[in-house]
Amino acid sequence: MNETTNTASRQTGEREPIVRMDKVNKHFGKLHVMQDIDLEVAPGEVVVIIGASGSGKSTLIRCVNGLEEFQGGRIVVDGNELLPNGKSGKSLQTIRTEVGMVFQQFNLFPHLSVLDNVTLAPMKVRNWPRDKALETARKLLARVGIEDQADKYPGQLSGGQQQRVALARALAMGPRLMLFDEPTSALDPEMIGEVLDAMRELANEGMTMMIVTHEMGFAREVADRVIFVHGGRIVEQGPPEEVFDHPRHERTQSFLSRVLKH
């Protein structure tokens with residue numbers, strides 16, 4: 001366990017990582033997209049994953065909640081083990097219940113109101129009574145700053161508002177871990193700040209988060225640890241000030257020299 005993970009563990013009073021990946025390998029046909037990935041994420045830690053398009057960073061977090069199968073190695077999420085080639089059984093069901101994820105696209109049900117989008121999973125999966133689900137949903141919509149949009153439909157909202165609904169929906173299940181796969185990439189520039197502000201609040205509240213993003217300023221601000229992925233491998237990782245200001249690996253230096261000049 002590296003120094004950053006140890007620090008986060010001490011801060012939360014827990015030592016067992018909430019995510020552990022041991023020698024994880026993933027193939028798309030002949031393409032080896034994840035190569036011997038070793039990674040631990042401590043409770044309360046915010047890990048931001050950066051890298052060029054096609055580097056394997058989105059595939060990495062999609063493997064954490066079983067959206068992508070992997071072919072070798074071991075993944076343990078909150079004590080539940082995922083097995084290679086989709087042979088995870090009840091562990092996969094448990095992980096998908098306890099891990100929230102926000103995608104590039106909002107994936108909201110267009111025929112349901114904002115409030116119904118947020119209450120659906122707790123009622124169907126957790127078997128919550130409607131009153132409890134509604135109360136939780138309204139609190140979460142207020143938390144992400146769109147409580148006044150509860151009765152509207154997704155098509156009546158801006159992109160930034162829709163993504164915040166998606167965030168509230170993921171939080172409604174009470175997850176121990178939140179995954180974000182480039183949550184601002186489909187947004188207009190003026191809407192990006194709305195979503196990043198909501199994510200900052202989550203980080204400040206101690207939510208364990210794994211975030212794939214191209215927003216380098218945001219990564220520097222919220223991350224406890226930044227991971228640079230290249231060619232399906234973790235090439236470099238460390239505190240944001242170390243990775244951004246003093247990158248050691250040639251690939252990291254080359255990537256940051258391109259993205260930080262804009």
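Here is a friendly exchange about the predicted model shown above.

Colleague: Before we start, how are residues numbered, and what pLDDT do local features need in this predicted model?
Modeller: Residues count from 1 along each chain as its sequence is written, and side-chain values use heavy atoms, leaving out hydrogens and water. Side-chain atom pairs count only at pLDDT 80 or more, totals for chains, interfaces and linings use all residues, and local features need pLDDT of at least 70.

Colleague: Let's begin with the open sheet; in what order do its 6 strands come?
Modeller: Helices (H or I, at least four residues) and strands (E, at least two) are DSSP runs numbered from the N terminus, and two strands pair if DSSP finds at least two bridges between them. In this sheet the pairing is mixed. The edge strands, each pairing on one side only, are S6 (99-102) and S10 (233-238). The full order is S6-S7-S8-S3-S9-S10.

Colleague: By how much are neighbouring strands of this sheet turned against each other on average?
Modeller: Axes are lines fitted to C-alpha atoms, for helices over the stretch in contact, and angles run from 0 to 180 degrees between N-to-C directions. For the neighbouring strands, direction is ignored, and the average turn is 20°.

Colleague: Which residue in S9 stands opposite isoleucine 49?
Modeller: Strand S3 (residues 46-50) pairs with strand S9 (residues 225-230) in the parallel sense, over 4 bridges. Across from isoleucine 49 in S9 is isoleucine 227.

Colleague: What angle does helix H2 make with S7, and at what angle does H10 run to S9?
Modeller: Contact here means heavy atoms within 4.5 Å. Helix H2 (residues 57-64) packs on the sheet, touching S3, S6, S7 (177-181), S8 (208-212) and S9, and its direction makes about 150° with that of S7. Helix H10 (residues 250-259) lies across S3, S9 and S10, and its angle to S9 is about 100°.

Colleague: Turning to the hairpins, which glycine takes a positive phi in the one formed by S1 and S2?
Modeller: Strand S1 (residues 19-28) and strand S2 (residues 31-41) are antiparallel partners over 7 bridges. Phenylalanine 28 has leucine 31 in S2 as its bridge partner. With 2 residues between the strands, the positive phi, near 65°, belongs to glycine 29.

Colleague: And what is the phi of aspartate 78, in the turn between S4 and S5?
Modeller: S4 (residues 72-77) pairs with S1 in the antiparallel sense over 5 bridges, where aspartate 22 is partnered by arginine 74. S4 also pairs with S5 (residues 80-82), antiparallel over 3 bridges, with glutamate 81 as the bridge partner of valine 76. The S4 and S5 hairpin has 2 residues between its strands, and aspartate 78 has a positive phi of about 55°.

Colleague: Is asparagine 127 buried or exposed?
Modeller: Buried means under 20% relative accessible area, exposed over 50%, and partly exposed in between (1.4 Å probe, protein chains only). Asparagine 127 sits in the loop between H4 and H5 and has a positive phi of about 60° although it is not a glycine. Its relative accessible area is 61%, so asparagine 127 is exposed.

Colleague: What about glutamine 149: buried or exposed?
Modeller: Glutamine 149 lies in the loop between helix H5 (130-143) and helix H6 (159-171). Not counting residues up to four places away in sequence, glutamine 149 touches Val114, Leu157 and Gln161. Because its relative accessible area is 8%, glutamine 149 is buried.

Colleague: Which residues is leucine 115 in contact with, leaving aside its neighbours within four places in sequence?
Modeller: Leucine 115 lies in helix H4. At 6% relative accessibility, leucine 115 counts as buried. Its contacts beyond those neighbours are Leu134, Ala137, Arg138, Leu141 and Ala150.

Colleague: Last one: what is the volume of the largest pocket?
Modeller: On a 1 Å grid over the protein atoms alone, a pocket is an open set of points where a 1.4 Å probe fits, with protein on both sides within 12 Å along at least five of seven lines, and lining residues have an atom within 4 Å of a point. The lining has 19 residues, with Arg96, Val99, Met101, Ala121 and Met173 nearest the centre. H3 (90-98), S6, H4 (114-124) and H6 each give two or more residues to this lining. Grid points are joined across faces, edges and corners, and the space filled by probe spheres set on the points comes to about 530 Å³.
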